[in-house]
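Open the structure in your viewer and keep the selection tool at hand. The tour goes from stop to stop, each with something to select and something to look at.

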Amino acid sequence: MSDFNPARPAPMHPVLDAVEMHMTVPLDRWPKYAIMGTADYKRRQEFLMRDHLKKLPAPGTIDTSAKDLLLSTTFAHKMAQIQHIIQRQGSAANDDPRYIYLYDDMRFKRDIFYWRNFRMNDLPPEIITHIFRIAAWSTITPAEGTHVRLLLTSVCAKWRRLMIEDCTLWSAIWFRDPPPYERSLEWFKRAGGAPLDIRINEHDADWKSKDDDWRYKEDDHRFTTQQMEELMDKLFAKVSQIRMLVLVVDNWPPALVVLDKLQEAAYAGKAINMERLEIHRMGQPLVWLGPGRTPAVLFGGQTQALKYLCLAGVHIDWNATPLNNLSTIDLRKIAMNVAPTLDRFREVLLACPRLQKLSLDGAGPQPSARKSDHIPIDLPHLKVLVIGGFSMLYSCYILSQFKAPNVRDLTLMNLTGEDYTTMIIAITGQYRELRLLTLYTVNISPTEGGTKAMVKFLYAMPYLSYLRIASMKWHVVEAFNEDPREYGLGRDTVTQSFPQNRLVLCPKLQTIEFQQLSGTKIAEWAARRRELGAPLRRAYVNSPYVSQVTAEEAEMIQQVVGLFIAPLGSTTPEERALATCDRYGETI
């Protein structure tokens, strides 16, 4: 996340004038404030480290320990001063990127000099190894974890020896190097008998995204049947150690090889202890291979350890595969011909009483006539629900199969081609504990009936704090600022103490994340929320869509609410907080 507008706002405190004094380049050329752990944050930290380290003598040439310790203490003291100033200034300073920028600058500098003075190699080997594990497993992405491990083995002979001797540091392996995968297989060897987390992805670092017209390349990709068989034969020599397997391919043959090999290994008497399986076939969706193909029994039926199942574009023998006590069920783009029957789908839900995430994106049970004694299945532990890619009637059909009153994160996406107002009415009041709502391309009628349905839907979400929207018709977004009393809601409720003395929908809403929407309208919408006494604290735009927001629009939004860039795929601080706190802000 970075500050969107490079223009420097008016000074709020003299300490801010010191920001440029610490820089060797103009402020507007530096990476701005970013979420800790994201690529932007890492780039800025590395920029600062390189800038300072190049001015210092090489370690061991001159004794600078006394000076380094003094500087580290000085910067720590400045951090405390800045923190005190921010607390005095209040929320305005809290969201001013210059304060955050200066505070982070002091912290980076403190760390540089502190670690130059830290006697790392004097620690016992087991302590050094533990530090290495923290460094390797604290990364956000698999790519960053790979980079950190390579760096640690390159520092000195002692570090390299300690790294290689620790099997657990090599147990997370991402096969993204080109065939014959020499680096990945070397890590596989170093992992020894440790539990293995394996990712296999056909797309290397230079591969285009799936939005770049990748379909024409579907039959010209890396894995053939023979290549995948050879790789699986090598990996499944340790199949009982594999804890997680994530596979991303583009066509059928390599995906089917993996399913078949897992079944063969189980039938050969090998133990399958896999806790998480993801198989993503990214080629043409909803394609069925036909009746000549017998689907595999997942793990040959040895699914007792499985907790997380994601199948995208591939299917299994649903009836012969035991699926019990799962925490996550994620099904995507599976042809209806090979989807589980409704009875089997309900059996799986009943067998997973502590299910925490259910994602159905263009994949669900085969429809059948609703029974007269139909009873929705209780899913009291479900926290995340994703519904997408269905017709309106089928969406209602799916949502009627279960009750999930404690859902905190709801995503509705790719619901187009017809009016989904009836679906909104059907689920109104079902998710009162909701904190995060995602609406991606959901078609709601721009009529009085559609608006009324949306108002009632939102009125039943009193704790909603985070809204993520993309490609939505503007009348749906405007519904958030409607007066619920005009629709017969809240007339007997004590009025909230807002400037206009009226009820506000979703009064706890503080954060919006948007893309492919008008920046001008977002600014006007946020301003209206502020007028109603329910102001937003932050607005995010995903990095790929920054260019769609003009400088003028950015300035308009900045005048109402802080605007920041959220790198695609990253989790914002507000989102992380919502995932771990109850309605009162207490950690759960």
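What follows is a walk through a predicted model.

**Stop 1: the cores**

Select Ile-200, Leu-235, Leu-385, Phe-402, Leu-412, Leu-437 and Ile-469. These residues have the most contacts inside the largest nonpolar core, which has 137 residues. Which helix gives the largest share of this core? Helix H10, residues 252-267, supplies 9 residues. A second core, separate from this one, has 9 residues, among them Phe-75, Ile-82, Tyr-99 and Met-106.

Now return to Ile-469 and show what surrounds it. Leaving aside neighbours within four places in sequence, Ile-469 is in contact with Leu-439, Tyr-440, Val-477, Ile-512, Glu-513, Phe-514, Gln-515, Leu-517 and Ile-522.

**Stop 2: a residue in a strand**

Select Leu-436, which is in strand E13 (residues 436-442). Is Leu-436 buried or exposed? Its relative accessibility is 3%, so Leu-436 counts as buried. With neighbours within four places in sequence left aside, the contacts of Leu-436 are Arg-408, Asp-409, Leu-410, Leu-464, Tyr-466, Arg-468 and Glu-575. Add Ile-512 to the selection: Leu-436 and Ile-512 are 76 residues apart in sequence, and their C-alpha atoms are 9.8 Å apart in space.

**Stop 3: aromatic rings**

How many aromatic pairs does the structure hold? There are 8. Select Phe-175 and Tyr-181, an edge-to-face pair with 5.7 Å from centre to centre and 70° between the planes. Both Phe-175 and Tyr-181 are buried. Add Phe-223, and you have one aromatic cluster made up of Phe-175, Tyr-181 and Phe-223.

Go on to Phe-390 and Tyr-394. Why is this pair edge-to-face? The ring planes of Phe-390 and Tyr-394 are at 65°, and over 60 degrees counts as edge-to-face. The centres of these two rings are 4.9 Å apart. Phe-390 counts as buried because its relative accessibility is 7%, and Tyr-394 counts as buried at 9%.

**Stop 4: charges over rings**

Select Trp-174 and Arg-176. The charged end of Arg-176 sits over the ring of Trp-174, at 4.2 Å from the ring centre. Then select Trp-170 and Arg-190. Here Arg-190 lies over the face of Trp-170, and the distance to the ring centre is 4.5 Å.

**Stop 5: a helix with two sides**

Select helix H17, residues 551-558. Which of its residues are buried? They are Glu-553, Ala-554 and Ile-557. These residues cover an arc of only 100° around the axis, so they are on the same side of H17. Turn to the other side of H17, where Ala-551 and Glu-552 are exposed. To see what covers the buried residues of H17, show the elements that include strand E15 (511-515), helix H16 (519-531), strand E16 (538-542) and strand E17 (562-566).

**Stop 6: two loop residues**

Select Ser-471, in the loop between strand E14 (466-470) and helix H15 (474-478). Ser-471 is not a glycine, yet it has a positive phi of about 50°. With a relative accessible area of 32%, Ser-471 is partly exposed.

Finish at Gln-516, in the loop between E15 and H16. What is the phi of Gln-516? It is positive, about 55°, although Gln-516 is not a glycine. Gln-516 has a relative accessible area of 40% and is therefore partly exposed.

Methods. Residues numbered from 1 in each chain as written. Predicted model: local features only at pLDDT ≥ 70, side-chain atom pairs only at ≥ 80, totals over all residues. Heavy atoms only, no water. Core = buried A, V, L, I, M, F, W, Y, C linked by side-chain atoms within 4.5 Å. Buried < 20%, exposed > 50% of the residue type's maximum accessible area, 1.4 Å probe, protein only. Helix = DSSP H or I, 4+ residues; strand = E, 2+ residues; numbered from the N terminus. Contact = heavy atoms within 4.5 Å. Phe/Tyr/Trp six-rings, centres within 6.5 Å; stacked < 30°, edge-to-face > 60°. Lys NZ or Arg CZ within 6 Å of the ring centre and 35° of its normal. Arc of directions from axis to C-beta.
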